[in-house]
Amino acid sequence: MDIRYDFKAIEAKWQKYWEENNFYQVKEDSQKPKYYNLEMFPYPSGNLHMGHVRNYAIGDVVARFKTMKGYNVLHPMGWDAFGLPAENAAIKHGHHPAKWTYDNIANMKRQLKSLGISYDWTREIATCKPDYYKFTQWMFLKLYEHGLAYKKYSAVNWCPSCQTVLANEQVVEGKCERCEATVEKKQLEQWFFKITAYAQRLLDDLELLSGWPEKVKTMQRNWIGRSEGCQFSMQVEETGDEIPVFTTRPDTVFGVTYMVLAPEHPLVEKISQGKPQEKEVKAFVERMKYLNEITRTSNETEKEGVFTGAYAINPMNGEKVPIWIANYVLMEYGTGAIMAVPAHDQRDFEFARKYNLPIKVVIKGEDSPATAEEMTAAYTGDGVMINSGSFDGLTVEEGKKAVIAYMEEKGIGKGTVNYRLRDWLISRQRYWGAPIPIIYCENCDIVPVPEKDLPVLLPENVEFKPNGESPLKYVEEFYKTTCPNCGREARRETDTMDTFVCSSWYFNRYCSPHETEVPFDKKAVDYWMPVDQYIGGVEHAILHLMYARFFTKFLYDIGMLSCVEPFTNLLTQGMVLKDGSKMSKSKGNVVSPEEIINKYGADTARLFILFASPPEKDLEWSDQGVEGCYRFLNRVWRTVTSYADKIASVDLPDKSEVFDREAKKLHYKTHATIKKVTEDIEERFNFNTAVSAIMELSNTLNDYAHGETQNLKVIKEAINAMLLLLSPFCPHICEELWHLIGNQNSIHLERWPEYDPEALIQEEIEIVIQINGKVRDKINVAPDIGEEELKQKVTEHPRIKELTKDKKIVKIIVVPQKLVNIVVK
RNA sequence: GCGGAUGUGGCGGAAUUGGCAGACGCACCAGACUUAGGAUCUGGCGGUUUAUCCGUGGGGGUUCGAGUCCCUUCAUCCGCACCA
């Protein structure tokens, strides 16, 4: 048989065949173990990029491998379809976001299909479709019902150039991600989800995630930012106002020499009123307002502040200390006010030195300075309490507990836990998102839309404002409604939800994507969830993965789910680089997947991406590397087609078969490769080494094919194994060749090959001989050779004898099956 | 500043439990076939003074033996960054 490797025809043929035969459609099946394999769904931006290809190629290998291993594999795909770019396209070019989005989905779906990924397309979802966002709104209502969705005034990011609010994640280093204008703060009324209510569980349950990268868990831990300490109040001397402060160092409370409020603190105006400093305080507060958060809170920014003119009383010792306001205290964290202990806090120390505030040492370490004069920096190490009344002599750890206990006993304060995690701001003044299902009634105030009225449909006929304002505010038939409570005229909420809300529960929807009454069927999620393997970029380490965990815990609490964590195993793939940096239009180093597929085929593109680097590491794109993979597939094609007719009716070797030396070599290699590839995929996800092992098998097979004898049974065995092992990586070419060598059924319905341990038993093994740890020679021996016999053989080996003749053998170390090391003097 | 990761040929990367450093691929070199080769096949390919010695960012250590373990140091990348 001599036909050329026509990848275009082959790939089109099998893609059509798989699609027409619903090849990858799955149903719940209690007879088989389930495996839910999921790749993060894409935003339909228009075209697939290499990062997508990498993500889905990795996922497809896992899905196809697990299927061949006998699992019932759920492998779905969908679209994270709401979002800003669609709306920007509408503003700029006049396309409706819906049309823009659906066109992009169609195009990207076509591209995905051309990659030959084994998705069950009957489960496809798009978050912008009413049948989906109906349930995103349902999620909102449930959270609201449980007191976990609420509204409050809050400062948000405002881009003066785009004339719009931005999500936190769209602010990069204080600047607008798109136009690079400096982002300002603006006060607006916003909807929040109370993720902070789950802070401790989100932190604790990271322990359950042994299948997650440490890096991601660490990032989440930092993001949650738990710290233990205590909260107590300092009383303002004149007005009697209580100002709560949070500290992790209650043991240093006797070292307080001043206190600091954030400039935005609500008591600032009151306590400075009528004071000589009033004007200065007001000017400082005004100035801080106009600084963006990054410059204000950067470590490089010098600490500055002003005295308010007021004093507060330290409840532990009755001492009177001045109240300052300063840039280094943030309203968002803790209580927005601190007790300042310059001797034992570096920030307070710098501030105190700058403004000549007193410094009082209350912790004495072994080599730490005992007086403020000697200090060049705050002392933050271990030690014992001094100058602290009856607490003197306690260690830092004992002191913390003792002071908290004392405060609790006297009713001064209490031990508390503080988190850096803040509630999740989910409202967006945007059109292209799921409308928040809330109605405002003058009579009944805030009224949730009744479940039976869902979905609150996004009106299609809207006009986009060039200034970026949400068009929903101007669509009367949308916002004008009646109150579900009292029936009077009322107004709908015109804000929509953050797209991260849509993606926080989508993995459940895939389990029963056509449900119309509930977001997902309980039986279906109980069968499929949790996701066994989740694969995506590390850029979602915190936001998406934290929100999804939060939603899962909430859905568990209300009895919708039986699992507390959504993703058992997480693989964060590396980026695809070109010339050492991320592919981007501005750098002009973008390689288009479509071009590569046209030039070399999907199998080559997939193979290269899996071969070039282990999945979690960054991958450097190389056109020549792609060529290499293309050549390899051509070699496979030539080898297999040249034997296709010859092996079609040949049997596989049976157990008792006796091979000659060369045939044995190939037989051994076949089984060693099955073992290696299986372990590489199953245990380590080392697809790069799995591919190189298959290449080695191909090389050995070619060597044998060029040799003198031809045992067709062994050749057939090798070809079968090679195609089966390669089929998750390169599904099209393997399918075609599988049929060409005489098989009637799809290779993708075959079971994963198993190696025969007997094939791995060798008559002779090579033993390395070292002298003083340096390799000097190698000998072949029987694998079951005894240690004494081996020692003898080695020492009698001519070359070794020669090299050791004038030396004294001190010791001989034998590593069974591997090496012998002769230690000489 | 804190936390994490990574440093191996000209390049991407192997070395899984402390046991042959450089698998596999790219690039390169030589040869074969050929009217031709950016096709294919064969061979070579860390350095070197080539039966030797050196070599996994640098320095030190443990060990019969270290890319792998320990100490120290440098570089690059990523995340967080006045978190009270």
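This passage describes one annotated segment, one helix and one pair of packed helices in a predicted model. Residues are numbered from 1 along each chain as its sequence is written, and chains are lettered from A and ligands numbered from 1 in the order in which they are written. Local features need pLDDT of at least 70 and side-chain atom pairs count only at pLDDT 80 or more, whereas totals for chains, interfaces and linings use all residues; side-chain values use heavy atoms, with hydrogens and water left out.

An unreviewed UniProt entry places the short sequence motif "'HIGH' region" at residues 42–52, an annotation that may be inferred rather than shown by experiment. Over residues 42–52 the chain is 27% helix and 0% strand (DSSP runs of H or I, at least four residues, and of E, at least two), and the end C-alpha atoms lie 8 Å apart.

Helix H5 comprises the 16 residues 130–145, for which a span of 22 Å is expected at 1.5 Å a residue (1.5 Å times one less than the number of residues), and its end C-alpha atoms are 22 Å apart, in agreement. Of the 16 residues of H5, 12 are buried (under 20% relative accessible area, 1.4 Å probe, protein chains only), among them Tyr132, Lys134, Trp138 and Lys142. Just after H5, Gly147 takes a positive phi of about 70 degrees.

Helix H7 (residues 214–224) packs against helix H17 (residues 543–557) at an angle of about 75 degrees, with the axes, lines fitted to C-alpha atoms over the stretch in contact, 10 Å apart; H7 and H17 are therefore roughly perpendicular (65 to 115 degrees). The contact (heavy atoms within 4.5 Å) involves Val216, Gln220, Trp223 and Ile224 of H7 and Leu545, Met546 and Arg549 of H17.

How values were computed
Axes fitted to C-alpha atoms, helices over the stretch in contact; angles between N-to-C directions. Parallel < 35°, antiparallel > 145°, perpendicular 65-115°, else oblique. Buried < 20%, exposed > 50% of the residue type's maximum accessible area, 1.4 Å probe, protein only.
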